[in-house]
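Subject: Structure handover

Hi,

Here is the structure I promised to pass on to you. Have a look at it first, and my notes on what turned up follow below.

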Amino acid sequence: SRYITRRVTLADGFESKNFKVLMSVNKPAEATVQVFIKPLAEEDDTPFEDVGYTQMTADSTVPNSANNYDFSDVTYSLSSTFDKAIKTFSIKICMYSSLSSKVPLVRDFRTIALAT
């Protein structure tokens with residue numbers, strides 16, 4: 001499954017070149033979770049719908065859950081900062097599983113636009 005946030009526009013003066021995504025994940029051994037960001041700088045003339053997604057990476061290995069109630073806090077970051085300050089963005093979470101009865105779950109999702 002996929003979860004895509006609505007478009008977020010940062011207030012003037014709060015533009016960012018780097019982001020972190022924090023969430024709690026319940027990941028069975030058969031599952032995978034990936035996070036992507038769609039960034040748009042204020043001076044960019046490209047329509048938001050035409051901007052591609054950039055994959056973020058987990059800061060540590062996402063542990064397998066022992067049961068349906070076992071959630072682990074996970075942080076996703078960019079491998080490098082964007083060249084331009086980002087004014088508008090959207091986050092996409094992709095959740096995959098080889099068994100339809102054992103799917104990943106996400107809760108307590110939040111995104112932080114970093115100052116540096």
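Let me start with an odd residue: Lys-92 is buried yet takes part in no salt bridge, and Asp-50, the nearest side chain of opposite charge, is 14 Å away. Please keep in mind throughout that this is a predicted model.

Where does Lys-92 sit? Its place is in strand S7. Leaving aside neighbours within four places in sequence, Lys-92 is in contact with Arg-2, Tyr-3, Ile-4, Gln-34, Val-35, Phe-36 and Tyr-53. One of these, Ile-4, stands opposite Lys-92 in the strand pairing. The burial of Lys-92 goes along with that of its strand: ten of the twelve residues of S7 are buried, so S7 is largely enclosed by the rest of the structure.

Now for the overall picture. The protein has eight strands and zero helices, and its C-alpha atoms fill a box of roughly 45 × 25 × 20 Å along the principal axes. Of the 116 residues, 37% are buried. Among contacts with a separation of 6 or more, 77% are between residues 24 or more positions apart.

S7 has several pairing partners, including these:

- S4 pairs with S7 in the antiparallel sense over eleven bridges, and Ile-37 has Ile-91 as its bridge partner in S7.
- Strand S1 (residues 2-4) is also antiparallel to S7, with three bridges.
- Strand S2 (residues 8-9) runs antiparallel to S7 and is joined to it by two bridges; here Val-8 has Phe-89 as its bridge partner.

Next, the core. In soluble globular proteins, nonpolar side chains tend to be buried together. In this model the largest nonpolar core has 19 residues, and Phe-19, Val-35, Ile-37, Met-56 and Tyr-76 have the most contacts inside it. Strands S3 (18-26), S4 (31-41), S6 (72-77) and S7 (86-97) each give two or more residues to this core. Which of them gives the largest share? That is S7, with five residues.

Met-56 is a good place to look around. Leaving aside neighbours within four places in sequence, Met-56 is in contact with Phe-19, Lys-20, Val-21, Val-35, Phe-36, Ile-37, Tyr-76, Ser-77 and Leu-78.

On to the aromatic rings. A pair of aromatic rings is described by the distance of the centres and the angle of the planes. The whole structure has two aromatic pairs. In one, the ring centres of Tyr-3 and Phe-109 are 6.1 Å apart and the planes are at 75°, which makes the pair edge-to-face. Tyr-3 lies in strand S1 and Phe-109 in strand S8 (residues 105-114), so this pair ties together parts that are 106 residues apart in sequence. Tyr-3 is partly exposed, with a relative accessible area of 43%, and Phe-109, at 27%, also counts as partly exposed.

The rings of Phe-19 and Phe-89 have their centres 4.8 Å apart and their planes at 50°, so that pair is tilted. This pair links strand S3, which holds Phe-19, with strand S7, which holds Phe-89, across 70 residues. Both Phe-19 and Phe-89 are buried.

Finally, the charged pairs. How many salt bridges does the structure hold? There are four.

- Arg-7 and Glu-49 meet through their side chains at 3.0 Å, N to O. Arg-7 is in the loop between S1 and S2, and Glu-49 is in the loop between S4 and strand S5 (54-58), 42 residues apart. Arg-7 is partly exposed at 44% relative accessibility, whereas Glu-49 is exposed at 54%.
- Lys-87 forms a salt bridge with Glu-15, with the closest N and O atoms 3.5 Å apart. Lys-87 is in strand S7 and Glu-15 is in the loop between S2 and S3, 72 residues apart. Lys-87 is buried, with a relative accessible area of 8%, while Glu-15 is partly exposed at 25%. Asp-12 belongs here too, as Asp-12, Glu-15 and Lys-87 are linked in a network of salt bridges.
- Asp-59 forms a salt bridge with Lys-20, again with the closest N and O atoms 3.5 Å apart. Asp-59 lies in the loop between S5 and S6 and Lys-20 in strand S3, so the pair ties together parts that are 39 residues apart in sequence.

So S7 holds two buried lysines with contrasting settings: Lys-87 forms a salt bridge with Glu-15, whereas Lys-92 has no salt bridge.

Best wishes

How values were computed. Residues are numbered from 1 along each chain as its sequence is written. This is a predicted model: local features need pLDDT of at least 70, side-chain atom pairs count only at pLDDT 80 or more; totals for chains, interfaces and linings use all residues. Side-chain values use heavy atoms; hydrogens and water are left out. A nonpolar core is a set of buried Ala, Val, Leu, Ile, Met, Phe, Trp, Tyr and Cys residues joined through side-chain atoms within 4.5 Å. Buried means under 20% relative accessible area, exposed over 50%, partly exposed in between (1.4 Å probe, protein chains only). Helices (H or I, at least four residues) and strands (E, at least two) are DSSP runs, numbered from the N terminus. Contact means heavy atoms within 4.5 Å. Lys and Arg count as positive and Asp and Glu as negative; His and the chain ends are not counted. Two strands pair if DSSP finds at least two bridges between them. Rings of Phe, Tyr and Trp (its six-membered ring) pair if their centres lie within 6.5 Å; planes under 30 degrees apart count as stacked, over 60 as edge-to-face and the rest as tilted.
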